[in-house]
Structure formats: C-alpha cells, structure tokens
Amino acid sequence: MGQQALGTAPTAAWIEGLGEPEWLRDARRQAARMEERLDWPHWDRRTSLEELRAVVDASPGTGGVHLELPEALRDQGIVLLPLSLAAAQHGELFRRLLGRQIPAEAGKLEALNLAAMQGCLLVVPDGVVAESPIEIVYRLPEGSGVQFHPRTMISVGRTAEVSVVQRTEGAAHGDVAVVTEVVEAEVADGGILHFSEVQNWPTRVRAWASRQAELGRDARVQWTIGELGSGLMRGSTTTILRGIGSEALSLVVFFASGQQHMDLTTQLVHIGSRTNGQMLARGVLAGSARTVYRGTSDIKRGAKDSNSQQKEQTLHLTAGVRSDAIPALYIDENELQAGHAATTGKVDPEHLFYLRSRGLPLREAERLIVQGFFAPLVERIPLEGVRREITSLVDRKIDGEEG
Amino acid sequence: MAQGVALEIDELEASVEDKAILRGVTLRVLPGQVHALMGPNGSGKSTLANTVAGHPRYAVTAGDIRLGGRSILEDSPDERARAGLFLAFQYPVEVPGVTVANFLHSALKARGREMPFMEFRRKMLEKVQLLEWDEAMVRRYLNEGFSGGEKKRNEILQMAMLDPAVAILDETDSGLDIDSIKIVSNGVNALRGPDLGVLIITHYERILRYIQPDFVHVMYEGRIAHSGGPEIVEQIERNGYDWIREEVQSAAAGGNA
C-alpha cells in the first residue's frame, strides 16, 4: 500500500468493502469526490494546517468505536448504534441527519470526514429522559501512518433529555496520526442535550474537530469540552439557536503544555428570538504551548431580546507560551444584549510564595493554582465522572511538566 | 508533634532590589520562648520575617539563618516550611479556586503527614472551634472575599494544623478589632508549649496584652536597637518610639566621640 498525502479520499474499493447500503456508499463517494476537488481550508497566520497534511496511509484505519448503552436506556427506547448498523436499521433517520449540521460541502476536512467516517448514531425518542449518561469512546487505530475520522450523530426528540460523554484516546507512542472528528446534533423543541467531550488524543495526533448542535424551541444544550490532548488541535463548537427561547451553555477547559498548539472556536448563532447563550472558557499554558481561542456571537436579524455572552481567561505557567483571545460579535439585530471579556495572566509569584511557605513544593503549589483556576468552570460540569476525569488529566499533565 | 528547634539569626543583612534593609540582625528564638519584635514602620520587621521565610524578593547579603543548628539560607521557602518554620502573613493572598480544607490537606501531605479524611476533618474542626470560627469557612476559597479578621484567623488556623516548630507572626494584629485580636491571641496561646518558638512582629502593644512575651526587641533602621523583658512594651505604650531614636543617635554620637 502506497503512502499518499492526507487529502486523498478513501478509494472506491475501500468504500465498497464497508458493505453499507447503496445510499450511504453513494454519500461517501460524493464526499470523496468533493474532498478531492476542494482546496485546503484557509486559516490565518496563527494556525497553519500544513502539519495536518502529514503523510499517512491512503486508506483510513479502523479505529475503535466503543459504545456503552445501559440496558435500562435501551428499554427506554434509546438507540445507540455504530454507523453500519444504524444505516441498516434506522436508514431514514440516518439519511435525514447525515451532513445536515456539518455537510461535506463545508470544506475539505468536512468532506474527508464524511467520506471516511466511523462512529455512531444516537437517537433519544420524544419525551424520553435518559436515566444515566451514554458513553462513546473513540480509540485511535494501532499502526503507523494512521488516519481516523470519527463522527457522532445525535437526535434528541421533543422534551427528551440525554447526557453524552465522549472520550478520545490512543496509545501515547507511535507515528504521527491524523484525526478529523465531527459531532452533529439536533435537539427538538423542549429537548435537552448535555454533551461532554474529553479530548485526550496522544500528542502525536494532528486533529481537526467540528461540533455543532441545532436547537428547537425552548431546547437547551450544554457543551462541556475538555481539550487536553493532540499535538495540534483545531476545534470548533457551534450552537445554532434556531428555536425561540433556546439556550446554550458552553464550558471549555483547555490545558496546552510542551509543544501543543490548540486553536479553539466556540460559536453561538442566534436565530430565534429570546435565545440565550453563554460561552465560558478557561485555559492554562505551560512549556512552549500556543493557543488561540475564538469566541463568536453571531446574532441574526429577528433574534430579538437575545443574550449572548462570552468570557475567556488564560493562565500562563511559563514564560515561553503564547495565547491569543479573539472575540467576535456579528450583530444584525437591535434589541439584544451581548458582551465579552478576556483576560490573560501569569501565575502570581506572591501566590506561589504563600503556598510554598506552607511546605508545598513548587510543582504542588502550581498544581493547586491550576486546579483552582479551573475550579469555577469544573464545578459547573454536571457529571461527577467528567469532573473527576478532567481534574485527574490536568494533574497528570502537571506531573509530566518539566521543572 | 514538632520537636523543639531553635531559630538563630546571626548578623543578618538583607536587601530588596539592591536597597539594604537589614543591617546586621542577631536574634535567637529557643523552643518554648515567645519573643516580640517591635519597632516603627519601615524599621525592617516585615523584611526580617520574609527573609527568614525565603521570599525570593529579599536577598541575603551577609550573615546566617539557622533552624535546629542548620543553615537554611540555601533552602527554598517550602524546604524551610518543612523544616518547621511558619510565617503568618501580614497580607495573606487570595488564591481563587483552592478551598481552605483542600489547601491544608495538600500542605499536610507535602509535609509527610497525610492523614485519613475523617481524622483530618476531626482535627480541622477542633482547630476551627479553637478559633471560634464557622466550619463553613474551610469550604471557601483561600482568603477570597475574607475580611481582614478572617484572613488572620485563617493564618492561625493554618499554624494550628501544620504544627510548626517556629512561628513568626507578621503584624497579625494589624487592622483587627479588639475581639478578633482576643480570638487570634487565644489561638496562639493554646498552641504555646515547650516545643514551640514564637516571634510576634507588631507595631502596637495591643496584642501583647493577650500574648505575654518572654522577651521584647525593638528594631530600628535594620538593626535590633534594644532588647529586654515585657517592661519595654509599657515603655513603648507610654512614650512611643522616640526614645529609641534618641538612644540610637546618642550611641552613635558616643561612638564617634
């Protein structure tokens, strides 16, 4: 098997070999053609995607898709299936959802993901309140020159409610690997989606991620995104507040150390009136890490009496780091409230001295300061398991810091 | 329990940003003793406290500081603390996101005295009660939004939990009302014992009405100008610090003659 640059879509033979229904193979083939035709996305001087063009195998690897649907939830009528089974058993819904939030036409990497996707479909029927969280784990395939393209599709019915915890992981050692990750979700009127993701790809991964949820009337989404892994991460999380009175809360916790480069976007698109959105992000940088955080409020005409707020704070543990905050407000409506605040700070030497004067070694003092910095956001994470996981991954990153 | 350890300061000279502040301070605090260090503002009292604790802003240019006979000049602030030193800060900093309880638990762990949660909690509650405090305070973020009195109480709570061999109280009484001074003093008095050495740094005599010192020193222009017993406290209460200035000046004049 020859080595080709990423951007070479999966071959027709690879698609045929998946044994999926014709309509899905056709969708993949179309996306593959689009991927070939589209140019590399243009990003600004802050983040280059050249590294994503690392040489990888022509064919996508088969990564681990581990799904956990407790028996009780199955009995409630909730469906969670890998894509191949979902295509066979819930073809109509699958076809309706596929690419509606993140279409292949949106760009080269969107198209690549659709052509080569693995992943799952989650369906929560109208009125069903999931009793416990649903877990999705994507594990990087073994081997060298790997690419992996997980996609999660979610449909939350009217007044239904569900918590999803998505984890990404892989063996720490190995060659450069490339990941594109898509989450597309629709939440019907009065529905509630809590989507948590703990992004912990090994640092040999160059990743691109796009997550989007569209909300019906009075629907709600809470995003909890822990960005901890990947050598290069370009991720965006978008909420389309279409329904009147819909609400979004986005919590982003990021920690970049060593050589990590993270470029993270959170976006609220207000379409319905009386929509309410809040984006909160806190990030820590260490080593020679580089981060960009882009918070965007896009308020369309007609989104009267809407409220869009964002706040981003970063803490620098070392001098050799750089972080940029790029808030943006696009407003096409007069009656609304919007606001943004961004702060960047270094660890206060007086704080360190105070903690150390009680006997805490420098690293332990830094650990308390970092965990304390994240605490106001971590405390708002509804799931205890996700709180603990993010806290312990932060601890492990501090342990791994040189010093 | 901390073993009795002497703090010995010998001919200590220290500067901040190349400005000499301490000009040869000699002081010995032995186990079981309570010393008071008084003096006008700017005489170097807080500099001495911070230099002993190892604040990176203060550079020792001459002399020595020993704890239990061993020089600690090369020790980091946390090594000094683990060797038994404690500084109650004049201005405790606010550390958001870190609860008092979590901080104390981490500090004990760093000192090799990690204890089961129930035992830790029992000990903490005991000390909270000693300071006539509310248990809810330990769940709050470290000093964040604390009043002046609460911050100082929190310093003494830490002292009580960490069980140091030598405690330096840097103007713990400043900015406190009389009730808070009493509570803080009761806390310190309860911790007094044959193994603990205490150095109380204060501008005013008020706190010394509640914590009886064995020895009193008066600092002036970076040196200890006068040492004696508790009677000095009354002298300062009556006459302020002018007599010290005159004493130093006449000694200098005498020396020149």
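This text walks through a predicted model, starting at a helix of chain A and ending at two loop residues.

Helix H7 of chain A spans residues 349–356 and is mostly covered, with 6 of its 8 residues buried. The buried ones are His351(A), Leu352(A), Phe353(A), Tyr354(A), Leu355(A) and Arg356(A). What do the buried residues of H7(A) pack against? Within chain A, their partner is helix H8 (362–378). From chain B, helix H2 (77–82) and strand S7 (95–99) also pack against them. The cover of H7(A) is thus drawn from both chains.

That leads to the contact between the chains. It takes 19 residues from chain A and 23 residues from chain B. On the side of chain A that touches chain B, H7 and H8 each supply at least two residues. H8(A) gives the most to this side, with 8 residues. Sorted by class, the side of chain A that touches chain B has 10 nonpolar, 5 polar and 4 charged residues.

The next topic is the nonpolar interior. In soluble globular proteins, nonpolar side chains tend to be buried together. Here the largest nonpolar core has 185 residues. Leu193(A), Phe86(B), Ile168(B) and Ile200(B) are the residues with the most contacts inside this core. H8(A) gives the most to the core, with 8 residues. H8(A) also gives the most to the side of chain A that touches chain B.

Phe86(B) can be followed in detail. Leaving aside residues up to four places away in sequence, Phe86(B) touches Ala81(B), Met159(B), Leu162(B), Pro164(B), Val166(B), Ala167(B) and Ile168(B). Of these partners, Ile168(B) is itself listed with the residues that have the most contacts inside the core.

Two loop residues remain, one in each chain. Asp305(A) lies in the loop between strand S18 (290–299) and strand S19 (306–316) of chain A. Its phi is near 55°, a positive value in a residue other than glycine. Is Asp305(A) buried, partly exposed or exposed? Asp305(A) counts as partly exposed because 14 other C-beta atoms lie within 10 Å, while a buried residue needs 20 or more and an exposed one has 12 or fewer.

In chain B, Glu17(B) lies in the loop between strand S1 (7–16) and strand S2 (19–29). Glu17(B) is not a glycine either, yet has a positive phi of about 45°. With 8 other C-beta atoms within 10 Å, Glu17(B) is exposed.

Note on methods
Residues are numbered from 1 along each chain as its sequence is written. Chains are lettered from A and ligands numbered from 1 in the order in which they are written. This is a predicted model: local features need pLDDT of at least 70, side-chain atom pairs count only at pLDDT 80 or more; totals for chains, interfaces and linings use all residues. Helices (H or I, at least four residues) and strands (E, at least two) are DSSP runs, numbered from the N terminus. Two residues are in contact if their C-beta atoms, placed from the backbone, lie within 7 Å. Ala, Val, Leu, Ile, Met, Phe, Trp, Tyr, Cys and Pro count as nonpolar, Asp, Glu, Lys and Arg as charged, and the others, Gly among them, as polar. A nonpolar core is a set of buried Ala, Val, Leu, Ile, Met, Phe, Trp, Tyr and Cys residues joined through C-beta atoms within 7 Å.
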